[in-house]
Each structure stands twice: as C-alpha cells, then as structure tokens.
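Colleague: I should like to understand how the descriptions of this model are justified. May I ask you to set each term against its criterion?

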Amino acid sequence: MFRMFRRFFSLAFLSLLINACVSQVGTSSNRVYFAEPANDSVVKSPFKVKFGITGMEVKPAGDDSPNSGHHHVLVNLDAVPSGQSIPFSPTHIHFGKGQTEGEINLPPGTYTLTLQFADKDHVSYGKGLSNTIRVTIK
Ligand SMILES: [Cu+2]
C-alpha cells in the first residue's frame, strides 16, 4: 500500500515537473521582431516600421489585459532592463496607442533600432522581449 502511494506521489511530482518545463518553454517563445525593415537594409527617410509579436497581446497604454503591452523603438540604445520604465524622449519612441506599425524619420546615417515591448505603464519586459536591427538611412 505504502509503495503504491509513493509511486503515485512520484508520478504526480514528475507530471508537475513536466508541466513546469512546458510553461517555461511557453514563456521563452514570447518574442518581438521587426517585420519591416529587414536587418542591415538601406532605406530612405521617412521609412516604415512594422512590428511582429508572439505570445503577448498588443494593447494601448493603460489597458489592464494580462500578458499585454505596447511597442517602443529605441534609437541607438540597448534594451531597457526588465522592470525599468521607458523614458519619453526623441530616441525612445512609444507606440502607446497599440500601433503595430509606424513611420520613423531620421537623418542619413547608420543606426541600431531596438524594438522593446513594455507594459501598460511603459515598464519594460526586458531584453527577452526586445529585438535589435541595424539600418542605414541614405
Ligand atoms: Cu510606452
């Protein structure tokens, strides 16, 4: 009888462990990316940016939906660490209406653009929900 219990509990534990692994995988598949422009492309200003996302929902700033937020494009800046607010500045562009595309105007040169996803209060989800490309404006 005791052995059966032990077996049952170890099986239950094992399935918990597997569940934990599956949800881990689910979390790490959340990502953001530039659908446009392509990395290392040469574009003319103003140029169109188009954002892609998996595993999260795009909502306007202030919206309380779980697992949601809005996009930001950071110009020549690294991802904002998780839990830090994204400042409002000319190089921190907020798409706070929940836009999934937009237009950016920059003088000629080569730039890094970092797409950064953040919550309803503009608090960053960190590097895991960011993606950096390089573009040259001619
Ligand atoms: Cu924002």
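Colleague: Which residue of β3 stands opposite Phe34?

Modeller: In this predicted model, Phe34 stands opposite Phe51 of β3. Arg31 likewise has a residue of β3 opposite, namely Thr54.

Colleague: What makes β1 and β3 a pair of strands?

Modeller: Two strands pair if at least two bridges are found between them. β1 and β3, the latter covering residues 47-54, are joined over five bridges in the antiparallel sense, so the criterion of at least two is met.

Colleague: How do you know that β3 and β7 pair as well?

Modeller: The same test applies, with at least two bridges required. β3 and β7 share four bridges, again antiparallel, and therefore they count as a pair. One of the bridges links Phe47 to Ile104 in β7. As a general point, strands of a sheet pair through backbone hydrogen bonds, either parallel or antiparallel.

Colleague: In what order do the strands of this open sheet stand, and why are β1 and β7 said to be at the edges?

Modeller: The order is β1-β3-β7, three strands with antiparallel pairing. β1 (31-36) and β7 (101-104) each have a single partner strand, so one side of each has no neighbour in the sheet. On average, neighbouring strands of this sheet are turned by 35° against each other, direction ignored.

Colleague: How many helices and strands does the whole chain have?

Modeller: The chain has one helix and nine strands. Read from the N terminus, the helix stands before the strands: α-β-β-β-β-β-β-β-β-β. Buried residues account for 19% of the 138 residues.

Colleague: Why is His122 called buried, and why is Asp40 called exposed?

Modeller: A residue is buried if 20 or more other C-beta atoms lie within 10 Å of its own, and exposed if there are 12 or fewer. His122 has 21 other C-beta atoms within 10 Å, and therefore it is buried. Asp40 has 10 within 10 Å, so Asp40 is exposed.

Colleague: What is notable about phi in these two residues?

Modeller: Phi of Asp40 is near 65°, a positive value in a residue other than glycine. Phi of His122 is also positive, near 70°. Asp40 lies in the loop between β1 and β2, whereas His122 is found in the loop between β8 (109-118) and β9 (130-137).

Colleague: Which peptide bonds are described as cis?

Modeller: Among them is the bond from Glu36 to Pro37, with omega near -10°. Pro37 is in the loop between β1 and β2 (41-43). The bond from Ser45 to Pro46 is cis too, with omega near -5°, and Pro46 belongs to the loop between β2 and β3.

Colleague: Which residues touch the most other members of the largest nonpolar core?

Modeller: They are Val32, Phe51, Leu115 and Phe117, in a core of 15 residues. β1, β3 and β8 are the elements that give two or more residues to this core, and β8 gives the most, with four. In soluble globular proteins, nonpolar side chains tend to be buried together.

Colleague: What makes Val32 a contact of Phe117?

Modeller: Two residues are in contact if their C-beta atoms lie within 7 Å. Leaving aside neighbours within four places in sequence, the contacts of Phe117 are Val32, Ile53, Met56, Gly69, His71, Tyr125 and Leu129.

Conventions. Residues are numbered from 1 along each chain as its sequence is written. This is a predicted model: local features need pLDDT of at least 70, side-chain atom pairs count only at pLDDT 80 or more; totals for chains, interfaces and linings use all residues. Axes are lines fitted to C-alpha atoms, for helices over the stretch in contact, and angles run from 0 to 180 degrees between N-to-C directions. A nonpolar core is a set of buried Ala, Val, Leu, Ile, Met, Phe, Trp, Tyr and Cys residues joined through C-beta atoms within 7 Å.
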